[in-house]
Amino acid sequence: MKTIKGPAIFLAQFAGDTAPFNSLDSIGRWVAGLGYKGVQIPSWDARLFDLAKAADSQNYCDEVKGTLAAHGLSITELSTHLQGQLVAVHPAYDAQFDAFAAPEVRGNPTARQAWAVDQVKMAARASQRLGLTAHATFSGALAWPYVYPWPQRPAGLVEDAFDELARRWKPILDVFEDNGVDAAFEIHPGEDLHDGVTFEMFLDRLGGHARANILYDPSHFVLQQLDYLAFIDIYRDRIKCFHVKDAEFRSTGRSGVYGGYQSWADRPGRFRSLGDGQVDFPAIFSKMAHNDFPGWAVLEWECALKHPEIGAAQGAPFIARHMIEVTEHAFDDFAAGGADRALNRRMMGLND
């Protein structure tokens, strides 16, 4: 069995224009001081990282690793959540997602998609240069506006949407294959890949592509009322990234899974800081250890109530407490009798 790596933290929710959040060096010093050992880097944030340079320059990648190593930190993964979202955007969301793109392609969905595809491909090359084996991203969505089957969907609509989603991702995933990196899609409402069924629909259309994998985040399954522990066992071979994020679901007589268009603080299902929600983390970490998960435990801080810096400070010791240093021998080895085939045969009643 493998011991999970960590604790680590996703920097996207903390990057800002003021110190210590405005450079990789200063934010690295800050998170190291909180007890983190790794960082997941948002590749779109130029204050922290230059994706285009990383895709083509080994010297730059070595500098990035050196900057973090000076604080005792490793890179867990790069993230293209924003760019991956733009690989497939339903027109209903054009205005909302346009801000995710570079200014020069905004207002032009065709140019925006081409830019996003190039960004994710660059992330595959940059990951290889950084010595990473997994990458965090979103799938985007073409069918999401039709997730609820009313009005009745035209026959074949969902199937056609997944055919197109796979067509767009296949050449991107081939670049990940060329660079020896797994693309881990965060299974997330708002994406066409939002549960196990939809991931399987996508994977089937890709012919089981080896680089199409999963970023596991139990918080999104709590909000969907999906069995997040069974999910780990079903998809154990495809889970390549892990966001440690808490959530709670408390339905009322007025609102349930859909949330009644309420704010995050008022929804029955809402994200919480680690330890403040309902996620069974001891069970999750036990399953990760048992299943030989090879990656990092990465805090993604999102909470409807708590201040982010408090959540970050509490996150590192929380993860550290739940990490399982796997055993190298069985607990009852002290009573072992050694190997004796003759004894084994006698115990089975075989006396020949």
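1. Two strands are said to pair if DSSP finds at least two bridges between them. With that in hand, and bearing in mind that this is a predicted model, a good place to start is strand E4 (residues 134-137), which runs parallel to strand E5 (residues 182-186) and is joined to E5 by four bridges. One residue of E4 can serve as an example, for the bridge partner of Ala-136 in E5 is Ala-184.

2. On the other hand, E4 also pairs with strand E3 (residues 74-80), again in the parallel sense, and here the pairing runs over two bridges. In this pairing Thr-80 stands opposite Thr-137 in E4. Which residues of E4 cover its two faces? Ala-134 and Ala-136 lie on one side, His-135 and Thr-137 lie on the other, and all of them are buried, with both faces of the strand covered.

3. These pairings belong to a wider arrangement, in which eight strands close into a barrel in the order E1-E2-E3-E4-E5-E6-E7-E10, with parallel pairing. If direction is ignored, neighbouring strands of this sheet are turned by 30 degrees against each other on average. For a student new to sheets, it may help to recall that strands of a sheet pair through backbone hydrogen bonds, either parallel or antiparallel. Elsewhere in the barrel, strand E6 (residues 212-216) pairs with E7 in the parallel sense over three bridges, and Tyr-216 stands opposite Phe-242 in E7.

4. A helix should be considered together with the barrel strands. Helix H12 (residues 308-322) lies across strand E1 (5-10), E7 and strand E10 (296-299), and the helix runs at about 155 degrees to E10. Within strand E1 one finds Ala-8, which is buried because its relative accessible area is 0%. Leaving out residues up to four places away in sequence, Ala-8 touches Tyr-36, Gly-38, Val-39, Thr-76, Trp-296, Ala-297, Val-298, Leu-299 and Ile-319. Ala-8 and Leu-73 are 65 residues apart in sequence, although their C-alpha atoms are 8.8 Å apart in space.

5. Val-147 gives a second example of a residue to examine in this way, and its place is in the loop between E4 and helix H7 (157-178). Is Val-147 buried, exposed or partly exposed? With a relative accessible area of 43%, Val-147 is partly exposed, because that value falls between the 20% limit for buried and the 50% limit for exposed. Not counting residues up to four places away in sequence, Val-147 touches Arg-153 and His-194. Val-147 and Asp-192 are 45 residues apart in sequence, with a C-alpha to C-alpha distance of 8.8 Å.

6. The aromatic residues deserve a point of their own, and the count comes to 19 aromatic pairs. One of them is formed by Tyr-93 and Phe-97, a tilted pair with 5.9 Å centre to centre and 35 degrees between the planes. Tyr-93 is partly exposed, with a relative accessible area of 24%, whereas Phe-97 is buried, at 16%. Why is the pair of Phe-199 and Tyr-235 edge-to-face? The ring centres of Phe-199 and Tyr-235 are 6.1 Å apart and their planes stand at 85 degrees, so the pair is edge-to-face, because planes over 60 degrees apart count as such.

7. The pair just described links distant parts of the chain, with Phe-199 in helix H8 (residues 196-205) and Tyr-235 in the loop between helix H10 (228-234) and strand E7 (239-244), 36 residues apart. Phe-199 is buried, with a relative accessible area of 1%, and Tyr-235 is buried too, with a value of 9%. Ring pairs also link Phe-199 and Tyr-235 into a cluster with Tyr-216, Phe-221, Phe-231, Phe-242, Phe-285 and Phe-293.

8. Charged side chains appear in other settings. The charged end of Lys-245 sits over the ring of Phe-271, 3.9 Å from the ring centre, while the charged end of Arg-267 sits over the ring of Trp-264 at a distance of 5.2 Å from its centre. Glu-248, in strand E8 (residues 246-249), is buried, with a relative accessible area of 2%. The side chain of Glu-248 is joined by a polar contact of 2.5 Å to that of Arg-270, and by another of 3.1 Å to that of Arg-272. Leaving aside neighbours within four places in sequence, the contacts of Glu-248 include Val-222, Leu-223, Pro-268 and Asp-276.

Technical notes:
Residues are numbered from 1 along each chain as its sequence is written. This is a predicted model: local features need pLDDT of at least 70, side-chain atom pairs count only at pLDDT 80 or more; totals for chains, interfaces and linings use all residues. Side-chain values use heavy atoms; hydrogens and water are left out. Buried means under 20% relative accessible area, exposed over 50%, partly exposed in between (1.4 Å probe, protein chains only). A polar contact is a pair of N or O atoms within 3.5 Å; within protein, one must be able to donate a hydrogen and the other to accept it, and residues adjacent in sequence count only if both atoms are side-chain atoms. Contact means heavy atoms within 4.5 Å. Rings of Phe, Tyr and Trp (its six-membered ring) pair if their centres lie within 6.5 Å; planes under 30 degrees apart count as stacked, over 60 as edge-to-face and the rest as tilted. A charge sits over a ring if NZ of Lys or CZ of Arg is within 6 Å of the ring centre and within 35 degrees of the ring normal. Axes are lines fitted to C-alpha atoms, for helices over the stretch in contact, and angles run from 0 to 180 degrees between N-to-C directions.
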